[in-house]
Amino acid sequence: MTQDEALDLLKLGENVFLTGAAGAGKTWLLNGYIRYLREYKVGIAITASTGIAATHLNGRTLHSWSGIGVLDALTDAELEKLGRSKRLKRNYTGVKVLVIDEISMLHPHQLDMVDRIARRMLDSEKPFGGLQVVLCGDFFQLPPVSPGKTQPIKFAYESAAWASGGFRVCYLHEQHRQGDDPLLAILNAIRGDAAGVHTKVPLRTRYKREPEGNVRPTKLYARNINVDSINDRQLALLDGEEKAFVMESSGFSALVEGLKKTCLAPETLKLKTGAEVMFVKNAVDGSYVNGTRGVVTGFDKDEGWPVVRTFDDNVITAFPEEWKYEENGVIRAIIEQVPLRLAWAITIHKSQGMTLDAAEIDLGDAFEPGMGYVALSRVRSLNGLKLMNLNDTALQVHPAILAHDAVFKQQSRLARQHLQQLSPDEKLKRQQDMLLIRFNGNPDKSPGAAKPRVKKIPTHNITLEMLKSGMSLPDIARERGLKTGTILDHIEKLQGLGTLPDIDHLRITLPENDFKIILDEFRKSEDGKLAPIHQKLNGKYSYEDLRLVRLFVHA
């Protein structure tokens, strides 16, 4: 299928799985559809299964946006609790289209969880609550990470949500990389399970051979132990004083540990002048993104933060950044660290989604089918490769993916036939109807098309001013004619936004001894959930009392 045909299918509002080999232009097409939706004022959620992938689309992780967070299963009680979250509800009601990139790294049960939450929030009778869902990725890339690997690997297309979603497959076949580069033939041979001696011949031409050009190659290795050993050894070889930056954290322990596992910054970051590093977060001002590489040139004189000269020749002071876990708009856990990691070498898993001009790749320890394909497809051309080692596993792909790839190709041919049955006029009419009726878009963007709205003061900001004046919780609720729980919603939102003023005067809402009893229980809690503490205290205190005290846990 061509990019134009796939874009036409997307504009018809179909649920789509967008796939194809490296260089087929999946991300380019996805960005084109995103621009189209934004042009017509259609709400869109741009997500990905991993943080690195999310940064490529200026989106966020699916786990954060959807509400599944660190959950590995979704009970009915948890679903109902999520359904009562106003912040989460706004995520779903504010969009018509949900994009999920790097779908290959999402477990099937996670896609099922998103489907359940969307149905709870929007329309229980429709897949994903009636949202158009656009999945993008390539299952020849690495599969979902399964700690312990006690269960066989399962893929997102095996989920119930995939089956009920009626996804049209758009298998892009055009190649937008350099058409005569030998690397393309190598990648296609691996995808077709046809890698043999003829595949190894061009790879041998790059054996321990420096990449062309002046770009410093990124070293990719299969195992963390190799990467850590190389980075530690290279750091030790540098002269000068070593500086250590220790991660700070606060919040409930289980949630803090979850953040640490997903954050690419180490708990203790050791640096010297001359260290090669990679940024692991997007800068708010756009000065760097997750994956920007450079060299530490020194440390600032005021507070000692590392100064990095990127390979694009920009000089950036790396100040600490925060990673947060939020629930109902309230921060439950937070970690803070300088957003860097040593980057003489990185793992192949962490490289997925990157495009590199030059890479030094060691596939001698490849232990999983697909690793070689992922690593080799990171470089733009064969001349950008320095190959250190290679084993047979590196040239293999998962047999289940190989078999299902034929199914995807057939489904893509059927989707193309479906599109070709529509006349140009009928196709255009359906696309316009989709914008106006289902998406509630605004094709008429001419000046004056919409009546100006009177800007209202956000309700939580009214509560903010009352808090600043020292009013008590019952008094604010009475003055505003709202329930106490609603005022607590406002306060939690203000805390999540970082604009909550001093609320120490609200402690008098409860007797001091009762306040201390509840606070002690929260400080023992790993996740700050209300129900277990309510039960542990034998229901003596209301949920509103518990919510109030929870505001002070990490004050």
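Start with the aromatic side chains of this predicted model, where the count comes to 20 aromatic pairs. From these, select Phe 17 and Trp 162, whose rings form an edge-to-face pair at 5.1 Å centre to centre, with 65 degrees between the planes. Following the chain from one partner to the other shows that the pair links distant parts of it, since Phe 17 belongs to strand E1 (residues 16-20) and Trp 162 to helix H8 (residues 160-165), 145 residues apart. If you colour by relative accessible area, Phe 17 and Trp 162 both come out as buried.

Keep Trp 162 selected and add Tyr 157. The ring centres of Tyr 157 and Trp 162 are 6.4 Å apart and their planes stand at 80 degrees, so this pair is edge-to-face. Tyr 157 and Trp 162 are both buried. Now widen the selection to the aromatic cluster that holds these rings, which is formed by Phe 17, Phe 128, Phe 139, Phe 155, Tyr 157, Trp 162, Phe 167 and Phe 408.

Move next to Ser 159, which is found in the loop between strand E5 (132-136) and H8. Ser 159 has a relative accessibility of 4% and therefore counts as buried, the cut-off for that class being under 20%. To see what surrounds it, set aside the neighbours within four places in sequence and display Pro 108, Leu 111 and Asp 112, with which Ser 159 is in contact.

Two further selections place a charged side chain over a ring. In the first view, Lys 243 lies over the face of Phe 299, at 5.5 Å from the ring centre; in the second, Arg 507 lies over the face of Phe 552, at 5.7 Å from the ring centre.

The last stops concern the backbone. Most residues other than glycine have a negative phi. Select Glu 102, which is not a glycine and yet has a positive phi of about 55 degrees. This residue is found in the loop between strand E4 (97-101) and helix H7 (108-121), and Glu 102 is buried, with a relative accessible area of 12%.

Finally, go to Asp 193, which likewise is not a glycine but has a positive phi of about 55 degrees. Asp 193 has its place in the loop between helix H9 (182-191) and helix H10 (197-204). Is this residue buried or exposed? With a relative accessible area of 47%, Asp 193 is partly exposed, a class that lies between the buried limit of under 20% and the exposed limit of over 50%.

Note on methods. Residues numbered from 1 in each chain as written. Predicted model: local features only at pLDDT ≥ 70, side-chain atom pairs only at ≥ 80, totals over all residues. Heavy atoms only, no water. Helix = DSSP H or I, 4+ residues; strand = E, 2+ residues; numbered from the N terminus. Buried < 20%, exposed > 50% of the residue type's maximum accessible area, 1.4 Å probe, protein only. Phe/Tyr/Trp six-rings, centres within 6.5 Å; stacked < 30°, edge-to-face > 60°. Lys NZ or Arg CZ within 6 Å of the ring centre and 35° of its normal. Contact = heavy atoms within 4.5 Å.
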